[in-house]
Structures are given as structure tokens and as C-alpha cells.
Amino acid sequence: MAYSLADRHEKERPEHLSDLLLRLARRSDGTITIRDIAITLQDRSFGAFLLVFSLPNLVPMPPGATLFLGLPLIFVAWQMLTSAQGRIYLPRRIANYGVGASTFQGAVNRLVPWLKRAETLVKPRFWFLETRFSERVLGLFALVLAIVVFLPIPLGNWLPALALAIIGFAHSQCDGFGVLIGTLVGLLSIAVAGFVVYTAGAVLLLVF
């Protein structure tokens, strides 16, 4: 019962990502690994890692870059769909990768002001992902979006990456309304990608 009450309190008043990162940065005196970050995030690691791996796909990149940048998104979304523990599992080689405490603190200090501004837009509300099943359904949708990001579709990668960033950030803050907005953007992105593929196929049929 105590665990259930504590978990409910966490869902109603989750600690901001910026505060979590600051807390991790302050208590660290050695190397900060990806495992340390995942443990700190606990069951919000899915959303946070979706956000982190979506951001590089939102900046201009050379053609074909999404073939590499989309793979981490597929990995996180697949974990969201299949994980039995309700949190991300990282292979040892990836989990042990880390940076020095001073480097991590410097990165956090630069990121936190921007993160705090973004956190004013999200808050715990309309949270409908109370069960592991509902989170798996969202994970399946995130996996579809991640595959669209991965595929070399002209003009078809940015919008699904944006949808995953919105979903990830809202999920990490237990903002059901934000998750719904990200889902709508994701559906639009799938429609756009489908239209691009259909148009390209029609043009090729006409040419050949």
C-alpha cells in the first residue's frame, strides 16, 4: 500500500527533468554513465530517452544521417513496447558509457535553463497511461514513428521526430494532454510520409 501511494504521488507531482539532472550532477564525483541516468529516471526513462534521441533528428543533417540517428529511437521504442520491467534496459557496453562529472555538470548547466522554459508548457494532467498495457500501446505507436524516422523518406523524417520529442517530453512529465498532442502530430507525420512515398511511386511509374 505504501508503494502504491508513493507511486501515485510521483505520478501526480513528478519531479521535473531539470531537477533530476541537477540532483544527479550535484551528487556525482566520478564518471556519469548512461546507466546512472537511466536509474535516476526510473520509469520515466522511456520518455526521457525518446526526447534525447529525437533531438538530433530535428537539426539539419546530411542525407542518410537518419539511418544512424533513427536506430536509437527504434531501440527505445522497442523497449517501451516489450520491456517487462516498465523501464529501459541498456546493453552493458552502452550502459557503461559515460563522461566525467565536470563535463556532465557543464552540459547540465547549459541545458537546464532551456529545459526549465520548456517545462512551463507541460504539467501532470489527464494521465491515462496508468497500466503497462496502455504504455505498450504507446510504445507500438512510437516504434512506428521511429521506423518512419529511420527510413530515407525525403521530407518525411522531421515531423515524426518532432512527434517523438513531444511524446517523450510529455511522458517524462506525466502530461497526458501533451502525449495526445504528440500522437496527433505523429498521425499527421505518418500521413505526410505516406503521401510522399505514394507520390514518388506514382512519378516513377509515369517515368518508367
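## A tour of helix packing and the largest pocket

The crossing of helix 5 and helix 8 is left-handed, and that's where we'll start. Keep in mind that you're looking at a predicted model.

**Stop 1: helix 5 and helix 8.** Select residues 66-82 for helix 5 and residues 132-150 for helix 8. The two axes come within 7 Å and cross at roughly 165 degrees, which makes helix 5 roughly antiparallel to helix 8. Now show side chains. On the helix 5 side, the residues in contact include Leu67, Leu71, Ile74 and Trp78; on the helix 8 side, look for Leu138, Leu143, Ile147 and Phe150, among others. Colour this contact by residue class and you should get 16 nonpolar, five polar and three charged. Arg132, Glu135 and Arg136 of helix 8 are part of it too.

**Stop 2: helix 8 and helix 10.** Keep helix 8 on screen and add helix 10, residues 176-207. Here the axes come within 11 Å and cross at roughly 40 degrees, so helix 8 and helix 10 are oblique to each other. The crossing is left-handed. From helix 8, pick Leu138, Phe141, Val144, Leu145 and Val148. They meet Val179, Thr183, Gly186, Leu187, Ser189, Ile190 and Ala193 of helix 10. Nine of the residues in this contact are nonpolar and three are polar, with no charged ones. Leu138 is worth a label, as it appears in the contact with helix 5 and in the contact with helix 10.

**Stop 3: helix 9 and helix 10.** Hide helix 8 and bring in helix 9, residues 158-172. Its axis and that of helix 10 come within 8 Å and cross at roughly 165 degrees. That makes helix 9 roughly antiparallel to helix 10, in a left-handed crossing. Zoom in on Leu159, Pro160, Ala163, Ile166, Ile167, Ala170 and His171 of helix 9; their partners on helix 10 include Gly178, Gly182, Val185, Leu188 and Val192. The tally for this contact is 10 nonpolar, six polar and no charged.

**Stop 4: the largest pocket.** Which residues are closest to the centre of the largest pocket? Select Leu21, Leu51, Val52, Leu55 and Leu111 to see them, out of 35 that line it. The space inside is about 970 Å³. Helix 9 and helix 10 each give two or more residues to the lining, as do helix 2 (17-26), helix 3 (34-41) and helix 4 (45-54), among others. Which element gives the most? Select residues 101-119: this is helix 7, with eight residues in the lining. Colour the whole lining by class to finish, and you'll find 29 nonpolar, four polar and two charged residues.

Conventions. Residues numbered from 1 in each chain as written. Predicted model: local features only at pLDDT ≥ 70, side-chain atom pairs only at ≥ 80, totals over all residues. Heavy atoms only, no water. 1 Å grid on protein atoms, 1.4 Å probe; cavity = no way out; pocket = protein on both sides within 12 Å on 5 of 7 lines; lining within 4 Å. Points joined across faces, edges and corners; volume = space filled by probe spheres on them. Helix = DSSP H or I, 4+ residues; strand = E, 2+ residues; numbered from the N terminus. Nonpolar A, V, L, I, M, F, W, Y, C, P; charged D, E, K, R; others polar. Axes fitted to C-alpha atoms, helices over the stretch in contact; angles between N-to-C directions. Parallel < 35°, antiparallel > 145°, perpendicular 65-115°, else oblique. Left-handed = near helix turned anticlockwise from the far one by under 90°. Contact = heavy atoms within 4.5 Å.
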